[in-house]
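I opened a notebook for this structure and wrote down what I looked up, entry by entry.

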Amino acid sequence: MKILVVDDNESIVNLLSDILSKTGFHTVATALGSREAMDLIRSAEPAFDCFVVDIQMPDIDGIELTRFIRSDPRHKQAPVVILTAMHQKAYLDRAFAAGATDYATKPFNFVELRKLIQSARKVAMDPTRQPAPDFAASEEMANVRPIARSFDEPVALPDIANAFGKFEFDNYVIQLASRKLSRSAVFAVELRGAEELFKKMPAEEFDRIVAMTAKAIEATCLRPGGALSYRGSGIFMVTRPIWFMKPLVTCQQRINAAFDKMLGQDAPEDAPSLIVGQPVALGMMSRVDAVAALTHAVANLEQNPSGRNSGNVSQRAFLRSATMPEKQRLEKLSYETLLRETMPEETNDGWSRILSRKTRETYADRRTDMTPAKTG
């Protein structure tokens, strides 16, 4: 990938550049601060594939720089990995709300950073993040109809401040679960009947229903301090502080009431209903356990058979429910996360040896700089 590393500390920038270049697969550009980074981003040819950004920088911090990156159509989907010494949830929330893809805290574990970049590359290459082709851009393609979007593809929710993509939401939950004081919970919401809507509606109309559902969740369950993600297949995932969680039945009733109000008087008799799964508590979990919590939250939907049309749904239909694609994706992620945690780092290129030495040197210098001078 073509990576831009941004930090106001020159020694950190040089170290990151050296480490990422050592893999032999990345081209690394650097910027000492956000203003220099903005100039490089504007003039980049070709565009950058990935960004590694520090939060605490003078003048323009990394959060504002992330917003600037997302405002550029060429970099709207490029992974942004935030690096910071800040562990508080408020910084985590701001970073992901601005458009961060992943988050790592200083002092760096550089082996972990290398894995973060590998994950970022996987995100960058995901076909669901690629912009739709402009079929009307040329006369030859003017009459070509785009291939229909699949039901399990996510839909963007630009009108909701704390709506994250599926990769970003997974990474956010992993970070949230590692924090002792976050005391959050994750739960799933299913738009039951969504697949039938998708089959008979134009794509734009289905997207409108998804956006209305997200608005209903935002109005009743998201605030304060929460986040949501539309995963595709009619499945939404939601986090919020655990002390704001309401009883399951109350939460489901409130979401459906808000959704019905948005549908209005013209809602069809077979209008879909919103089903809420039992929340799963997060807190002081490993990455593997955090992904397992996501899987558990989706599985909890199957324990809630209520809904407008639930009486006509057979047990076999439940087994084929919309939760299956998301459960399978999360199970795959759980397996990949487990491998990431347990597989030893390759050492045949001497990378780890170089890494260890440079890490010691860099942080030894930083400790020296920060040690207060002794007075008489």
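The entries below go from the whole chain to single residues.

**Entry 1. The whole chain**

I noted to begin with that this is a predicted model. I looked up the secondary structure and found 13 helices and 10 strands in the protein chain. The protein chain has 376 residues, and buried residues make up 48% of them. I then checked the exposed surface, which is about 19,300 Å². Carbon and sulfur atoms supply 53% of that surface. For the contacts, I took those between residues at least 6 apart in sequence. Of these, 74% join residues at least 24 apart.

**Entry 2. Salt bridges**

I reminded myself that side chains of opposite charge can pair when their charged atoms come close. How many salt bridges are there? The count comes to 12.

I looked at the pair Asp-61 and Arg-94, which forms a salt bridge with its closest N and O atoms 3.5 Å apart. This pair links distant parts of the chain, since Asp-61 is in the loop between β3 (50–54) and α3 (62–71), while Arg-94 is in helix α4 (residues 89–98). The two residues are 33 residues apart. I also checked the exposure of Arg-94: with a relative accessible area of 35%, Arg-94 is partly exposed.

Next I took Arg-231 and Asp-170, whose side chains meet in a salt bridge at 2.6 Å, N to O. Arg-231 lies in strand β7 (residues 227–232) and Asp-170 in helix α6 (residues 166–177), so this salt bridge ties together parts that are 61 residues apart in sequence. Are Arg-231 and Asp-170 buried or exposed? I found that Arg-231 is buried and that Asp-170 is buried too.

I also wrote down a network of salt bridges, which links Glu-45, Asp-72 and Arg-74.

**Entry 3. Glu-218 and helix α8**

I stayed with salt bridges for one more pair, Glu-218 and Lys-215, whose side chains meet at 3.7 Å, N to O. Both residues lie in helix α8 (residues 203–222). They are three residues apart, about one turn of the helix.

Why does Glu-218 count as buried while Lys-215 does not? The cut-off for buried is under 20% relative accessible area. Glu-218 has 11%, so Glu-218 is buried. Lys-215 has 30%, so Lys-215 is partly exposed.

I then asked which residues Glu-218 touches, not counting residues up to four places away in sequence. They are Ile-160, Ala-161, Arg-223 and Leu-228.

I widened the view to the rest of α8. Its buried residues include Phe-206, Ile-209, Val-210, Met-212 and Leu-222. What covers the buried residues of α8? The cover includes the strands β6 (184–192), β7, β8 (235–241) and β9 (273–276). It also includes the helices α7 (194–200) and α9 (248–263).

**Entry 4. Helix α10**

I checked the length of helix α10 (residues 287–299), which has 13 residues. From its first C-alpha to its last, α10 reaches 19 Å, close to the 18 Å expected at 1.5 Å a residue. The buried residues in α10 are Arg-287, Val-288, Ala-290, Val-291, Ala-293, Leu-294, Thr-295, Ala-297 and Val-298.

**Entry 5. Aromatic rings**

I searched the whole structure for aromatic pairs, and the search gave nine. In one of these, the ring centres of Phe-164 and Tyr-172 are 5.2 Å apart and the planes are at 75 degrees, so the pair is edge-to-face. Phe-164 is buried, and Tyr-172 is buried as well. Both belong to a cluster, in which ring pairs link Phe-96, Tyr-103, Phe-164 and Tyr-172.

I also looked for a charge over a ring. Lys-2 lies over the face of Phe-48, at 4.6 Å from the ring centre.

**Entry 6. Ala-281**

My last lookup was Ala-281, which lies in strand β10 (residues 280–281). Its relative accessible area is 39%, so Ala-281 is partly exposed. Which residues is Ala-281 in contact with, leaving aside its neighbours within four places in sequence? I found Ser-184, Ala-185 and Ile-242. Ala-281 and Ala-185 are 96 residues apart along the chain, yet their C-alpha atoms are separated by 4.2 Å.

Terms used. Residues numbered from 1 in each chain as written. Predicted model: local features only at pLDDT ≥ 70, side-chain atom pairs only at ≥ 80, totals over all residues. Heavy atoms only, no water. Salt bridge = Lys/Arg side-chain N within 4 Å of Asp/Glu carboxyl O. Helix = DSSP H or I, 4+ residues; strand = E, 2+ residues; numbered from the N terminus. Buried < 20%, exposed > 50% of the residue type's maximum accessible area, 1.4 Å probe, protein only. Expected span 1.5 Å × (residues − 1). Phe/Tyr/Trp six-rings, centres within 6.5 Å; stacked < 30°, edge-to-face > 60°. Lys NZ or Arg CZ within 6 Å of the ring centre and 35° of its normal. Contact = heavy atoms within 4.5 Å. Areas by Shrake-Rupley, 256 points an atom, 1.4 Å probe, with all protein chains shown as cover.
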